[in-house]
Amino acid sequence: MNGLAFFHRFIGISVALVIALASGLASSAEETKQPLPPPPLAYTKADQPSWLPRVLNLLVKKKGWILKDHRLFRQGGKPTFLALIWNTRRISGHGHMELYKVRVISQRNVRLNFVRGYTETSLSIEEPSGHDIGGDGVPFLALRYASHGSSYHGYGVRVYRLVRNSVDVTPDWAGLAKRMLALDGGKSLALIVADTRWGGYFIGCGQCGPYFDMVMRWTAKGFRPECKDHPDQYEQNIESYKRWSKSSSSDWPTPMRHFLWLGVAIAFNKLQMGRLNEGKALYQETLQKARERGARGWGQSEKEFNHWLNAVEKDFGPAVAAATARPDLSCPLMAYRGEGAHPGTVERIEHFRFKPESRP
């Protein structure tokens, strides 16, 4: 296969994987598509204070940027925070979020104190911003960011609780916060966090998994994992993997890697939802079937065949053992503390990156 043909094949594989990933996100985030009532802790255009348009116009003149969106939050019936989403210019501009604390002395005297900012290629304010998620009258700001690059890590959400000068409550310790599910009509919140430790394992591309969801719910002590309480999330993920497998198996560089990827992905979703015996059995069955077919049956050399079997056993096996040993955990994959990335992942991705030293 020549270089151009390989590149086209690689792009085809990447697109297929992105489609599979996107379909999984859509199916599991259906609840966010259900329209929520107007947020009680944020002003709407119908009830916004009379001073707000004037203050926004002054800010636009001062900044010289394009104001894409804004949200004025309230607590105890009074304005508290103003979130602004800017674009630096119409074409090829960057997004800026600015968060101000608001103090209204009079309708003609409104003080704004800058407390936080965030910059990315694209930003937007997401539901359920302004809803009483914690049940204590404190609003939340959900900020979606997008790098528009190829990396999975360039897309996600930041979550801020609007108390004091604002508090970033995004649980970075758990993984990559990807999307929010507003439950009970906006009265409670679930956050989907991705365990990305095995990203790009079987094939190197910015969006390639496998990634494993952790469902987290907001509590008085912050976001806490509750995977076992949301089995539908993992059932939907498994069905998405199966649908993708039927439509894209021919796009993979080798059938063996596709087989291992699918088996491991489904097994780990079962582990995460608490079906530990099923997950462990499927993982072991996947490896056993791969062995029984043999290198020749997969159309691979003995070296490549043994390499992948040994790598999967080394990098996924300890996680299976750790998860099955901790049935008490709400998200069993949390029991595994190790890294998961295949040693060739970075090399495979770097091969396609532009290198400054290669300039003519």
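This passage describes a four-stranded sheet, a residue in its last-listed strand, a bent helix and several backbone features of a predicted model.

The sheet is open and has the strand order β9-β10-β11-β12, with antiparallel pairing. Strands β9 (176–183) and β12 occupy the edges; each has a single partner strand, so one side of each has no neighbour in the sheet. On average, neighbouring strands of this sheet are turned by 35° against each other, direction ignored. Strand β11 (residues 212–219) pairs with β12 in the antiparallel sense over 4 bridges, and a hairpin of 2 residues connects β11 to β12. Helix α4 (residues 231–248) lies across β9, β10 (188–195) and β11. The direction of α4 is at about 160° to that of β11.

Within the edge strand β12 (residues 222–225) lies Arg 224. Across the pairing, Arg 217 stands opposite Arg 224. Leaving aside residues up to four places away in sequence, Arg 224 touches Val 215, Met 216, Arg 217 and Thr 219. The side chain of Arg 224 also reaches the backbone oxygen of Lys 221, at 3.0 Å. Arg 224 and Ala 190 are separated by 34 residues in sequence, and their C-alpha atoms are 9.4 Å apart in space. The relative accessible area of Arg 224 is 35%. Because this value lies between the limits of 20% for buried and 50% for exposed, Arg 224 is classed as partly exposed.

Helix α7 (residues 302–324) contains 23 residues. From its first C-alpha to its last, α7 reaches 31 Å, close to the 33 Å expected at 1.5 Å a residue. The helix bends by about 35° at Phe 316, and Pro 318 follows within four residues. The buried residues of α7 are Phe 305, Trp 308, Leu 309, Ala 311, Val 312, Asp 315, Phe 316, Gly 317, Ala 319, Val 320, Ala 322 and Ala 323. Phe 316 is thus both the site of the bend and one of the buried residues. An α-helix has 3.6 residues a turn, so residues three or four places apart point the same way. The buried residues of α7 pack against two other helices, α5 (255–272) and α6 (276–298).

Two cis peptide bonds preceding proline were identified. The bond from Glu 127 to Pro 128 is cis, with omega near 10°; Pro 128 is placed in the loop between β5 (122–126) and β6 (140–146). The bond from Gly 209 to Pro 210 is likewise cis, with omega near 5°. Pro 210 belongs to the loop between β10 and β11, two strands of the open sheet described above.

Positive phi values occur at two residues other than glycine, His 148 and Arg 164. Phi of His 148 is near 65°, and this residue is placed in the loop between β6 and β7 (155–161). His 148 has a relative accessibility of 55% and therefore counts as exposed, the limit being over 50%. Phi of Arg 164 is near 50°, and Arg 164 is found in the loop between β7 and β8 (167–168). With a relative accessible area of 61%, Arg 164 is also exposed.

Notes:
Residues numbered from 1 in each chain as written. Predicted model: local features only at pLDDT ≥ 70, side-chain atom pairs only at ≥ 80, totals over all residues. Heavy atoms only, no water. Expected span 1.5 Å × (residues − 1). Bend = angle between axes of the 7 residues up to and from the residue. Buried < 20%, exposed > 50% of the residue type's maximum accessible area, 1.4 Å probe, protein only. Contact = heavy atoms within 4.5 Å. Polar contact = N/O pair within 3.5 Å; in protein donor to acceptor, adjacent residues only side chain to side chain. Pairing = 2+ DSSP bridges. Axes fitted to C-alpha atoms, helices over the stretch in contact; angles between N-to-C directions.
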